[in-house]
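Thanks for coming. I will go through one structure today, chain by chain, and then pick out a few residues.

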Amino acid sequence: MTLSARARLLLRLATFGGLAVIYVPLLVVLVNSFNPSKTFGWPPSGFTTQWWSRAASNPGAREALLTSVEIALAATALALVLGSMAAFAVARYRWFGRETVSFLVVLPIALPGIVTGIALNSAFSAGGVALGFLTVVVGHATFCIVVVYNNVLARLRRTGTTLEEASADLGASTLQTFLHVTFPQLRGALLAGGLLAFALSFDEIVVTQFTISAGLQTLPIWIFANLFRPNQAPVVNVVAAALVVASVIPVYLANRLSEGNGGGRL
Amino acid sequence: MTTSTPTAEGLPGRPSAAVRASSFLHRHPRLRLAGLLSAPMLWLVVAYLGSLAVMFVTAFWRLDTGGFVAVLDRTPSLQNFTELLTEDVYRRVALRTLGIAAAVTVVDTLVALPMAFYMAKVASPRTRKVLVALVLTPLWASYLVKAYAWRTMLAEDGVVNWALGPVGGRGPGFGVAATAITLGYLWLPYMILPVFAGLERIPDSLLEASGDLGGTAGRTFRTVVLPLLFPSIVAGSIFTFSLTLGDYIAVKIVGGSTQMFANVIYDNIGVAGNLPFAAAAAVFPVVAILLYLALVRRTGALDNL
């Protein structure tokens, strides 16, 4: 199809207009974190870094950040183990329930978070389990399994079993084959899946709200709790700006991981 | 292969325990499969599906608030469901939520189509890589931060009113429109990506053939591109639709006093502590999404996810 010069121009304008809409709100958050006015009226009335130093020493935000990282690490570790096991079972064996596994794994993320949240909350309350750190980890791991599973499954399908068979023919035990042949092949997929799982868990608020105890706060919970408090606005704004800046890290890492090895997938 | 544990070397002439375990497993593939499946299935079937089942059962219980203390009545009854179906307020909230979900889906499709088309068919390969990265990056930014960003955009003395002020315009303020804008913003990448992938799968030669046969750009788009792209658009709409149905946070941040259906669920857990009623309400989005999935299944959209 040959596009007229006008059509090309319109498409380009639409694309860059769309990108502007995507990035302007995020830039506004960044700029506002240096806005001396406490109400963040636009345009900013000057320039200050005092909110950043104040946020850095805010005990609530720091504790919430730490909790978020701990929960994300635990949930990622669980998801790595469970997702890889399920991927091996589906990729390497023929059995009746293979299709069902893919469906089951994707279900916790396909259903709205609030449904997963309520379901876990009902089960915990029916089972008499007290909400806390571990219940959040369980909730997060449940919907993180799918990203590890998808990455590992794609990699296992691409690599095939020939190298493992060669290793076994040369006398390696199953364990040796796994450690020296299978695992190195999977490393990229595990890193990509783990990164996605960590990011998903770190950002999750819905499932967290339904599985966390009153005294514990992850960073999203802390932000949401302080969002409507006028005197906390500057600190919330700085935390938001810091998260915008931090979101570049996983993009950079994912890009590095995907170079040359086919990349990860959601 | 993950169940064997290494132990110290056995006596000379006798294979070690690790080697024996590993060869035993090698000879029993079914056992290996069972070992691999046990943990993930225990988690997903027993813990997750079990939880969904508990939620479903809970939906038929009732919280009796008649006395001084709320009492959980475990005799199965349909009362929660009848209340949800017959009371006017729930119907209004449900219709509003479906309306917002539809609006978000339409707006995201209209924004995603030209962007994805430019990325896939017009831009040079290098620009394409950059554009894909630019569209993907905001997916990693925190959900709450993005919703908060629109709160600062749409606030009374925010950017939108400041930009529209000189031409005599005003932003929508906090309410239904602000909620639709924010949700559309949040889910836009989920629409662009499947549409972009769908466009990449359409060979350029098809578009050229249509042009050679006299089709104008507009006609080629309508009669060649759109029909081929339809499953991808539907795939994107599954995300925009289902994510909107389950959202109750964005609306709290930019919606003013607007309520969405998920707020009904959340408020019954939080303030009222009425878990059975919340569980019954949560059945509705699940049914809506399953219906939607069944409806779009024949378009082949599910293979595009």
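Let me begin with the surface of chain A, which exposes about 11,900 Å², with 65% of that supplied by carbon and sulfur atoms. Before going further, please keep in mind that this is a predicted model, and the values I quote are computed from it.

What does the secondary structure of chain A come to? The count is 12 helices and zero strands. Read along the sequence, the pattern is therefore α-α-α-α-α-α-α-α-α-α-α-α, with helices as DSSP runs of at least four residues. The C-alpha atoms of chain A fill a box of roughly 75 × 65 × 30 Å along the principal axes.

Of the 266 residues in chain A, 52% are buried. For contacts in chain A with a separation of 6 or more, 72% are between residues 24 or more positions apart. On charges, chain A has 16 positive and 9 negative, and their mean positions lie 12 Å apart.

Now two residues from chain A. A:Leu196 is in helix 8, residues 174-203. Is A:Leu196 buried or exposed? Its relative accessibility is 13%, and the cut-off for buried is under 20%, so A:Leu196 counts as buried. One long-range pair involves this residue: A:Leu196 and A:Val148 are 48 residues apart along the chain, and 7.9 Å separates their C-alpha atoms.

The second is A:Ser247, in the loop between helix 11 (233-246) and helix 12 (248-258) of chain A. Its relative accessibility is 7%, so A:Ser247 also falls under the 20% limit and counts as buried. Which residues is A:Ser247 in contact with, once neighbours within four places in sequence are left aside? They are B:Trp140 and B:Ala141.

That takes us to chain B. Here there are 13 helices and two strands. The radius of gyration of chain B is 27 Å, while the globule rule gives 19 Å for 305 residues; the value is well over the rule, so chain B is more spread out than a compact globule. Along the principal axes, the C-alpha trace of chain B spans about 90 × 75 × 40 Å.

Chain B is divided into two parts: domain 1 covers 17-58 and domain 2 covers 79-304. How many Å separate the centres of domain 1 and domain 2 of chain B? Taken over C-alpha atoms, the figure is 37 Å.

Next, the overall figures for chain B. Buried residues are 47% of its 305. Among contacts in chain B with a separation of 6 or more, residues 24 or more positions apart account for 65%. The accessible surface of chain B is about 14,900 Å², and carbon and sulfur atoms hold 66% of that. Chain B has 23 positive and 16 negative charges, with 10 Å between their mean positions.

One residue from chain B to finish. B:Phe56 is found in helix 2, residues 29-58. Its relative accessible area is 44%, which lies between the 20% and 50% limits, so B:Phe56 is partly exposed. How far apart in space are B:Phe56 and B:Ala282? C-alpha to C-alpha they are 9.0 Å apart, with their positions 226 residues apart in sequence.

That is what I had on the two chains. I will take questions now.

Note on methods
Residues numbered from 1 in each chain as written. Chains lettered and ligands numbered in written order. Predicted model: local features only at pLDDT ≥ 70, side-chain atom pairs only at ≥ 80, totals over all residues. Heavy atoms only, no water. Rg over C-alpha atoms; globule rule 2.2 N^0.38 Å. Buried < 20%, exposed > 50% of the residue type's maximum accessible area, 1.4 Å probe, protein only. Contact = heavy atoms within 4.5 Å. Areas by Shrake-Rupley, 256 points an atom, 1.4 Å probe, with all protein chains shown as cover. Lys, Arg positive; Asp, Glu negative; His and termini not counted. Charge placed at Lys NZ, Arg CZ, Asp CG, Glu CD. Domains from an automatic or database assignment.
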